[in-house]
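I opened this entry to look up how the inside of the chain is packed and how some of its strands pair. My notes follow in the order I made them.

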Amino acid sequence: MTAPKSDFVWMDGKLVPWGEATVHVMTHTLHYGAGVFEGIRCYKTSKGPAVWRHGEHIKRLFDSARVLGYEIPFTQTEVMEAVRATIKRNKLEECYVRPIAFLGDEARGLSTKGLKVHLSIAVWPWGKYLGDDPSKGIRVAVSSFTRHHPNITMTKAKSTGIYINSVLAKQEALRNGYDEAILLDPFGFVAEGSGENIFVVRDGGLKTPPTMSVLEGITRDAVIKLAREAGIPVLEQLFPRDELYIADEVFLTGTAAEITAVTEVDHRKVGSGAMGPITRKLHDVFFETIDGKNPRCLDWLDFL
């Protein structure tokens, strides 16, 4: 399988050919994981290409760097303009966007003192993350790996090193024949997927873990707002794994996953075993919003 790529990558202020977007093997972040990144989508809409919740993603990138204790050497406005320029230079109407800030190779050891902060932005065509048809639903398993304790690492930062936990959980799920893993928090409550937030539907309302135990997902935030706008109650509350088994519906949200139905958890069928009516409603409203058909959410689209 060939990984998707494009022609140019933005590196520290200039566009370079994809094959030349390289770093030294002694780059600090490669060894110790102190990098921060984002995943953003640009959609082909009826009004032209648009970056989805662009400002919110770039703000989170800067917030993540601040949590780790270093500063990105560009402004948020400059980074947003760099994202737009990279998409345009690659002549893409729809793509995935990956900004990553990382520390250089100027010193050795754990200390970050004296290290240069680099920023790169790659874009590439990327379709559905969890299956070609998210409405068909996926099979998930509760992982043997636990979501990070908030006093073990900085869980509000979208940092590269934290994701080894997600890689292990994802590998375990795939080896066991599932599509995705669900991680519990250190206290045994449902937290999130390996790269997604999670919602359950019970008695006509939504329930999702509070942000005290999960990454503050931007798609998660959009779904909560769209649900409340549609008159669907939303509760941010801790809940145990067995609530997944008795839910009427379960779905995952994320930039890559968008809104993906879960139809089976730990060999237990969820609801009817297909995308449920509330998930379907939110899925449809979500994509209508992405296409610019929700006038109240037009500011979520940064048209190129």
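I began with L119, in what is a predicted model. Setting aside neighbours within four places in sequence, I found L119 in contact with W10, M11, D12, L61, I72, F74, V79, I100 and A101.

Next I asked which residues of the largest nonpolar core touch the most other members. They are I72, I87, V97 and L119, in a core of 28 residues. So I72 is on this list and also among the contacts of L119.

I then looked up which elements supply the core. At least two residues come from each of β4 (40–45), α2 (54–68), α3 (76–89), β6 (95–103) and β7 (117–124). Helix α3 gives the largest share, with 5 residues. My textbook note here is that nonpolar side chains tend to be buried together in soluble globular proteins.

I also found a second core, separate from that one, with 22 residues. V201, L206, W300 and L301 are among them.

My last topic was strand pairing, and I started from β8, residues 138–146. This strand runs parallel to β15 (residues 258–265), and 3 bridges join the two. Within that pair, I138 is opposite V262.

Which strand pairs with β8 over 4 bridges? I found β9 (residues 180–184), again in the parallel sense. Here T146 of β8 stands opposite L184.

Finally, I traced how the chain gets from β8 to β9. The path goes through helix α4, residues 164–175. I noted this β-α-β crossover as right-handed.

Notes. Residues are numbered from 1 along each chain as its sequence is written. This is a predicted model: local features need pLDDT of at least 70, side-chain atom pairs count only at pLDDT 80 or more; totals for chains, interfaces and linings use all residues. Side-chain values use heavy atoms; hydrogens and water are left out. A nonpolar core is a set of buried Ala, Val, Leu, Ile, Met, Phe, Trp, Tyr and Cys residues joined through side-chain atoms within 4.5 Å. Buried means under 20% relative accessible area, exposed over 50%, partly exposed in between (1.4 Å probe, protein chains only). Contact means heavy atoms within 4.5 Å. Two strands pair if DSSP finds at least two bridges between them. A crossover is right-handed if, with the strands pointing away from the viewer, the path from the first strand over the helix to the second runs clockwise.
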